[in-house]
Amino acid sequence: MSIRQRLSGLFVGQEELELTSGPIARPLFYLSLPIVITNLLQVTYNLADTFWLGQYSTVALAAITFGFPLVFLLISLGMGLSVAGSVMVAQYTGAEETDEAEYAASQTITFALLFSALLGLAGFFLVEDFLALIGASGAVLPPATDYMEVVTLGLPFMFGFIVFIALMRGSGDTITPMLVMLGTVILNVALDPFLIFGWGPFPELGVQGAAIATVFSRGLAMAVGVGIMVQGRRGIQINVRDMVPDLSYARRLLRIGIPASVEGTGRAVSVNLLLVIVATFSVTVEAAFGVGIRVFSTIFMPAIAVDRGVETMTGQNIGADKPDRAATANHFAAKASFVILAALGVVTFVAAPAIMGLFSDNPAVIGEGANFLRIVAPTFGFMGVTRAYSGGFRGAGKVLTAAAITVLMLGLIRLPIAWFGAQIYGPSGIWASFAISNVLAAVVAYLWFRRGTWRESDLTEDEGEGEGGEESELGSPAAATDD
C-alpha cells in the first residue's frame, strides 16, 4: 500500500459516514480527526505571527501578546451564531429535512456577517481603551492598537470562515474545511514576512502587516467557503434567495446563539481575569502562565475535536429521533477523551521541564512553568469528559446547559480559588485552581447529562409539537420555510 493510500484511508468523506446508525467509534473518529488537524492549522496561524514578529522586535511580540486575548474575546462573542447554525443544520440533516437545513445555513451566514460587521465597527473605536485597560501601555500600546484595528475591520471575514466550518461540520463534512484551512494557512505564512519586514515591493508594516496578512487570508478562505456552499457539491448548500434577512428566523438563531456565546465568552473573559491575577506576580510567573496556557490549548485539541464531533452526532441523532444512540455516542466520547487526555497528562507531567524549555531558556520560567504543568496535568482527562458532554448538550440544543457548566467551572470555581489561592500559596494557588475546577466540572457535566433532560430537545419540531423541555430554553422553533 502506498503512502498516499495510507493517508487517504485516514479520511472518510461525508457521503461515506453514517452518523445515525451503525458503529459509534468509526464515524466519531472520522469526524474528529480533520477537526484536530484544522485546529493545529489554526495554531500554525498564531505561531507564524509570533515567530515573524519575534524576529521583528520585542515590542511587536509584546503587542500581539495583548492582542490575542482581545481577538479571542471578539470571536467568542460571535461564536454563538456558528454554533446555532451547526446545531440546526445537524438536526435537520438527521431528520432528512434538506430544505430546512439549507435555509438554516443561509440565514446563519447572513446574520453572522451582519453581526460581525457591527461588532467590528464598534470594536474599531474601542480597542485602544480596552488594550490600555488590560495593561498595554508605553511603547506596546500603539502597535497593539494598530494590530487590533485591522483585525476588527476584518472581523466579517474571520466570522464568515468560522461559520463556514461550523455549517459544514453540522452536515457531517469536516474534511472540506480542513483543506480550505490548509490553503489559507500556507498563504498567511507566506505573506507574513513580506508585509512585516517590507520585502520586495511591499512597505514595512510591522505588527499591522501581520494583521493584514491574517485578514486577507481569512477573507479569501471565506470567499472559497461561501463559493463551495453556493455550489452545494460538498456538505451543506446555501441559496442566495434564502439569504434575505428573516427577522423571525433571527430569533431562533439568537435563542441558541446567545447562550453559546456566553460559553465562549466565559472562557475568554476567564483567561483575561486570570491574567489580572497573574500580573500581581513577577514577569517570570506571567511568562510561565502564558506558555502554560498555550501548551494547554495544544494538548486539549483532541478533546475539542471530539466535542465538535459529538455535537454533530448528537444533533443528527436527535433530529432522527434516536436519543438512545445520541446518549451512547456521548458516553463513548467522554470515555475516549478521558483516556486520550489522561495519557497526554502523563507525558506532560514527566516532560514538563523539557516542554517549557521549548519556549524559554530562562531557568526561573522553566521551573515555574513546569510546576504549573505538573499541578494541572493529572486532571487533563477530566477536562476531556467536560468537553465531550458539553458537545452533547449543544448538539441537542441545550446550549444553556453547556454555558452553565462553563460559567460554573471558570467563574464560580476557578477564578475564586485562583484569587484566594494566590494570596495563600502564591502562583501554585493559581495553578491549583485549574486542577480543582477541571475535576468538579467533569463531575457536574456527567451527572447533568445522566439526568436526561437533553432528550426533550428537538429543534426540527414545529411550534407546539415539542414536549416543553426546550421550549423554555430556546423558544418555539417554527420552521421558517413553512411561511
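This is a guided tour of a predicted model, with a suggestion at each stop of what to select and a description of what is there.

**First stop: the two domains**

Begin by colouring residues 24–245 and residues 300–451 separately, since the domain assignment of the protein chain gives these ranges as domain 1 and domain 2 respectively. If you place a marker at the C-alpha centre of each domain, the markers for domain 1 and domain 2 will lie 24 Å apart. Now show the residues where the domains meet: 23 residues of domain 1 are in contact with 26 residues of domain 2. Between them, domain 1 and domain 2 bury about 1,900 Å², and 72% of this area is on carbon and sulfur atoms. To see where much of the domain 1 share comes from, select I24, L28 and Q91, which supply 31% of the area that domain 1 buries against domain 2, more than any other three residues.

**Second stop: a salt bridge across the interface**

How many salt bridges does the rule find across the interface of domain 1 and domain 2? There is one across that interface, while the structure as a whole holds nine salt bridges. Select R169 and E311 next, and display their side chains: R169 forms a salt bridge with E311, and the closest N and O atoms are 3.6 Å apart. This pair links distant parts of the chain, with R169 in helix α6 (residues 155–171) and E311 in helix α11, 142 residues apart. Are the two partners buried or exposed? R169 counts as buried because its relative accessibility is 9%, under the 20% limit, and E311 is likewise buried because its relative accessible area is 2%. As background, side chains of opposite charge can pair when their charged atoms come close.

**Third stop: more of the salt-bridge network**

Keep E311 on display and add R169, E263, R267, D307, R308, R387 and R394, because these residues, together with E311, are linked in a network of salt bridges. One pair to look at is R387 and D307, whose side chains meet in a salt bridge with an N to O distance of 3.1 Å. This pair also links distant parts of the chain, as R387 is in helix α14 (residues 380–395) and D307 is in helix α11, 80 residues apart. R387, at 11% relative accessibility, counts as buried, and D307 is buried with a relative accessible area of 0%.

Then move to E263 and R267, which form a salt bridge whose closest N and O atoms are 3.6 Å apart. Why are E263 and R267 separated by about one helical turn? The reason is that E263 and R267 are four residues apart in helix α9. Here too the partners are buried, E263 with a relative accessible area of 5% and R267 with a relative accessible area of 16%.

**Fourth stop: a nonpolar patch on the surface**

Stay with helix α9, but turn on the molecular surface and select L254, I258, V262, V407 and L412, which make a nonpolar surface patch of about 440 Å². Which helices each supply at least two residues of this nonpolar patch? They are α9 (247–278) and α15 (399–425), and α9 gives the most, with three residues. For a closer look at one member, centre the view on L254, which is found in helix α9 and is partly exposed, with a relative accessible area of 45%.

**Last stop: two loop residues with positive phi**

Finish with two loops, and keep in mind that most residues other than glycine have a negative phi. Select E96, which has a positive phi of about 60° although it is not a glycine. E96 lies in the loop between α3 (58–94) and α4 (98–133), and at 71% relative accessibility E96 counts as exposed. Then select D321, which has a positive phi of about 60° and is not a glycine. D321 lies in the loop between α11 (301–319) and α12 (323–357), and D321 counts as exposed because its relative accessibility is 63%, which is over the 50% limit.

Terms used
Residues are numbered from 1 along each chain as its sequence is written. This is a predicted model: local features need pLDDT of at least 70, side-chain atom pairs count only at pLDDT 80 or more; totals for chains, interfaces and linings use all residues. Side-chain values use heavy atoms; hydrogens and water are left out. Patches are made of residues with over 30% relative accessible area and no salt bridge: like charges are joined within 9 Å, nonpolar side chains (Val, Leu, Ile, Met, Phe, Trp, Tyr) within 5 Å. Accessible areas come from the Shrake-Rupley method with a 1.4 Å probe; for residues, only the protein chains shown count as cover. A salt bridge is a side-chain nitrogen of Lys or Arg within 4 Å of a carboxyl oxygen of Asp or Glu. Buried means under 20% relative accessible area, exposed over 50%, partly exposed in between (1.4 Å probe, protein chains only). Domain bounds come from an automatic or database domain assignment. Contact means heavy atoms within 4.5 Å. Buried area is the accessible area (1.4 Å probe) that two parts lose on being put together, summed over both.
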